[in-house]
Amino acid sequence: MPMTKENVVLIGFMGSGKTVIGRQTARLLGYEFVDADEEIQRVTGLSLHALYKKHGEIRFRSEEELMIKKLAVRRSLVIACGGSLMLEKEPIALLKEFGWFVLLHAEADVILERVSRKNSRSKRPLLSDKPNLEQVRELLIKREQQYRGLADYTLNNSEIGVEEAAAKIAGQYRQECQINV
Ligand code: S3P
């Protein structure tokens with residue numbers, strides 16, 4: 001792996017832990033943490049729910065793409081991507097150039113439990129108010145292959161905590177990308 005992988009990019013399904021694990025990974029590496037969804041909300045001044053409702057999914061995707069273009073030229077970042085970003089070819093190519101991709105994986109029942117928490121639902125307009133296992137499984141199956149195809153490293157965090165997951169990612173990153181941080 002060349003030395004150019006100077007960002008860590010977290011991908012995976014909704015509720016796979018990208019934000020919390022990403023924040024902790026950034027702390028361990030001394031990198032800045034950026035959550036793509038939070039950035040979009042900051043820039044547009046709207047919650048994701050309001051953005052979807054007012055302007056639709058296409059606007060959300062174009063905001064996401066713009067923001068990724070800005071992030072992709074920066075270094076020493078841990079970036080938590082929204083679950084659908086990996087479906088877009090152009091932003092992926094930009095991020096791939098300097099990004100080491102970590103796929104966070106969790107089982108469907110674990111994901112359902114996480115995305116069903118009250119404060120999580122407003123952020124996930126693609127899931128209905130009361131998501132069920134079938135809905136999560138269906139979307140997961142649709143996306144799984146694409147996520148896997150992009151990953152440099154995959155971590156199942158269904159049964160491990162945030163600290164342990166972040167330590168594994170940081171350790172693997174230092175070793176695989178030969179980066180001394
Ligand atoms: C989405 C995931 C969400 C958010 C948006 C779309 C998706 O982010 O970007 O609601 O289609 O998977 P998280 O993956 O952080 O939940």
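## Worked exercises on a predicted model

S76 sits in the loop between α3 (48-72) and β3; helices (H or I, at least four residues) and strands (E, at least two) are DSSP runs, numbered from the N terminus. This is a predicted model, where local features need pLDDT of at least 70, side-chain atom pairs count only at pLDDT 80 or more, and totals for chains, interfaces and linings use all residues. Residues are numbered from 1 along each chain as its sequence is written, and side-chain values use heavy atoms, with hydrogens and water left out.

### Exercise 1: Positive phi angles

Find S76 and Q178, and describe the backbone and the setting of each.

Step 1. Start with S76, which has a positive phi of about 60° although it is not a glycine.

Step 2. Check its accessibility: at 34%, S76 counts as partly exposed. Here buried means under 20% relative accessible area, exposed over 50%, and partly exposed in between (1.4 Å probe, protein chains only).

Step 3. Now go to the segment after α8 (162-176), where you will find Q178. Phi of Q178 is near 45°, again a positive value in a residue other than glycine.

### Exercise 2: Strand β3 and its partners

Which residues of strand β3 (residues 77-80) lie on each side, and are they buried or exposed?

Step 1. Recall the general pattern: in a regular strand the side chains alternate between the two faces of the sheet.

Step 2. Sort the residues. L77 and I79 are on one side, V78 and A80 on the other, and all are buried, so both faces of β3 are covered.

Step 3. Look for the strands that pair with β3. Pairing requires that DSSP finds at least two bridges between two strands. β1 runs parallel to β3 and is joined to it by three bridges; in β3, I79 is the bridge partner of V9.

Step 4. Strand β2 (residues 32-35) is also parallel to β3, with four bridges between them. D35 stands opposite A80 in β3.

Step 5. Compare strand β5 (residues 153-156): Y153 and L155 form a covered face, while T154 and N156 form an uncovered one. β5 pairs with β4 in the parallel sense over four bridges, and V102 stands opposite Y153.

### Exercise 3: Two cysteines

Why is C177 in no disulfide with C81?

Step 1. Set the cut-off: a disulfide is a pair of cysteine sulfur atoms within 2.5 Å.

Step 2. Search the whole structure, and you find zero disulfides. C81 is in none, and the nearest cysteine sulfur, that of C177, is 16 Å away.

Step 3. Because the sulfur of C177 is 16 Å from the closest cysteine sulfur, in C81, the two are too far apart for a bond.

Step 4. Add the surroundings. C81 is buried, with a relative accessible area of 3%, and C177 is buried as well, at 0%.

### Exercise 4: Helix α7 from end to end

Describe the length, bend, cap and buried residues of helix α7 (residues 133-150).

Step 1. Take the length. α7 has 18 residues and reaches 25 Å from its first C-alpha to its last, close to the 26 Å expected at 1.5 Å a residue. The expected span is 1.5 Å times one less than the number of residues.

Step 2. Look for a bend. α7 has a kink of about 40°, centred on R143; the bend is the angle between axes fitted to the seven residues ending at a residue and the seven starting there.

Step 3. Inspect the N-terminal end. N132 caps it, with a side-chain oxygen 3.1 Å from the backbone nitrogen of E134.

Step 4. List the buried residues: V136, L139, L140, R143, E144, Y147 and L150. An α-helix has 3.6 residues a turn, so residues three or four places apart point the same way.

Step 5. Find what covers them. The cover includes β1 (7-11), α4 (89-98), β4 (99-105) and α5 (108-115).

### Exercise 5: Contacts of T19 and G82

What do T19 and G82 touch beyond their neighbours in sequence?

Step 1. Use the cut-off for contact: heavy atoms within 4.5 Å.

Step 2. Place T19 in helix α1 (residues 18-29). At 22% relative accessibility, T19 counts as partly exposed. Not counting residues up to four places away in sequence, T19 touches F33, D35, E38 and A80.

Step 3. Move to G82, in the loop between β3 and α4. G82 is buried, with a relative accessible area of 6%. Leaving aside neighbours within four places in sequence, G82 is in contact with K18, A36, D37 and E64.

Terms used:
A polar contact is a pair of N or O atoms within 3.5 Å; within protein, one must be able to donate a hydrogen and the other to accept it, and residues adjacent in sequence count only if both atoms are side-chain atoms.
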